[in-house]
Amino acid sequence: MFVNIRTVEKDMNITKDNTIEEIVAKYPETMMVFMKHGLHCVGCHVAAFESIEQGAEAHGINVDALVADLNKVVSSKKSS
């Protein structure tokens, strides 16, 4: 079976289960979204294993709004 990697990547959405580090590493432009929402620990060692949901909950951030904004930034990059 042959899989088009670009199609798979294009369809990938960020979820609250992704770690902060994996998202920032793959999409550096999301760092500003995390900062805007008050999640300033994107460079912290905890970001390597903490999910977006865990980080948002620890800082009193609306995880659904954060994930939606992250996906907006990523989707606008993919469509350009």
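Lys 72 counts as exposed in this predicted model, because its relative accessibility is 55% and the threshold for that class lies over 50%. The residue belongs to helix α5, as does Asp 69, and the two are three residues apart, about one turn of the helix. A salt bridge joins Asp 69 to Lys 72, with the closest N and O atoms 3.6 Å apart. Asp 69 itself, at 16% relative accessibility, counts as buried, because the value falls under 20%.

Asp 69 also forms a salt bridge with Lys 36, and here the closest N and O atoms are 3.3 Å apart. This pair links distant parts of the chain, since Lys 36 is placed in helix α3 and Asp 69 in helix α5, 33 residues apart. Between their C-alpha atoms the distance in space is 9.9 Å. The side chains of Lys 36 and Asp 69 are likewise recorded as making a polar contact, at 3.3 Å. Lys 36 is exposed, with a relative accessible area of 63%, whereas Asp 69 counts as buried at 16% relative accessibility. Taken together, Lys 36, Asp 69 and Lys 72 are linked in a network of salt bridges. When neighbours within four places in sequence are left aside, the contacts of Asp 69 are with Val 33, Lys 36 and His 37.

The count of salt bridges in the model comes to three. Besides the two that involve Asp 69, a salt bridge is found where the side chains of Lys 16 and Glu 53 meet, at 3.7 Å from N to O. This pair, too, links distant parts of the chain, with Lys 16 in the loop between α1 (5-11) and α2 and Glu 53 in helix α4, 37 residues apart. Lys 16 is partly exposed, with a relative accessible area of 34%, and Glu 53 is also partly exposed, with a relative accessible area of 22%.

The setting for these pairs is a protein with five helices and zero strands, in which the elements run α-α-α-α-α from the N terminus on. Of the contacts in the protein with a separation of 6 or more, 61% are accounted for by residues 24 or more positions apart. Buried residues make up 35% of the 80 residues in the protein.

In soluble globular proteins, nonpolar side chains tend to be buried together. In the present model, the largest nonpolar core has 19 residues, and those with the most contacts inside it are Ile 14, Ile 20, Phe 34, Leu 39, Ile 52, Leu 66 and Leu 70. Two or more residues are given to this core by each of the elements α2 (20-26), α3, α4 (52-58) and α5 (63-78). Of these elements, α5 gives the most, with five residues. The surroundings of one core residue, Leu 39, can be described in detail: residues up to four places away in sequence not being counted, Leu 39 touches Ile 20, Phe 34, Gly 55, Ala 56, His 59, Ile 61 and Leu 66. Among these partners, Ile 20, Phe 34 and Leu 66 are themselves listed with the residues that have the most contacts inside the core.

Attention may then turn from the core to the surface. The protein exposes about 5,200 Å², and carbon and sulfur atoms supply 57% of this area. A nonpolar surface patch of about 290 Å² is made by Met 31, Met 32 and Met 35. Met 32 has its place in helix α3, which comprises residues 31-36. With a relative accessibility of 60%, Met 32 counts as exposed, because this value is over 50%. Helix α3 therefore holds Met 32, which counts as exposed at 60% relative accessibility, and also Lys 36, which is exposed with a relative accessible area of 63%, while the helix is in addition one of the elements that give two or more residues to the largest nonpolar core.

Note on methods. Residues numbered from 1 in each chain as written. Predicted model: local features only at pLDDT ≥ 70, side-chain atom pairs only at ≥ 80, totals over all residues. Heavy atoms only, no water. Helix = DSSP H or I, 4+ residues; strand = E, 2+ residues; numbered from the N terminus. Buried < 20%, exposed > 50% of the residue type's maximum accessible area, 1.4 Å probe, protein only. Contact = heavy atoms within 4.5 Å. Areas by Shrake-Rupley, 256 points an atom, 1.4 Å probe, with all protein chains shown as cover. Patch = residues over 30% accessible without salt bridge, like charges linked within 9 Å, V, L, I, M, F, W, Y side chains within 5 Å. Salt bridge = Lys/Arg side-chain N within 4 Å of Asp/Glu carboxyl O. Core = buried A, V, L, I, M, F, W, Y, C linked by side-chain atoms within 4.5 Å. Polar contact = N/O pair within 3.5 Å; in protein donor to acceptor, adjacent residues only side chain to side chain.
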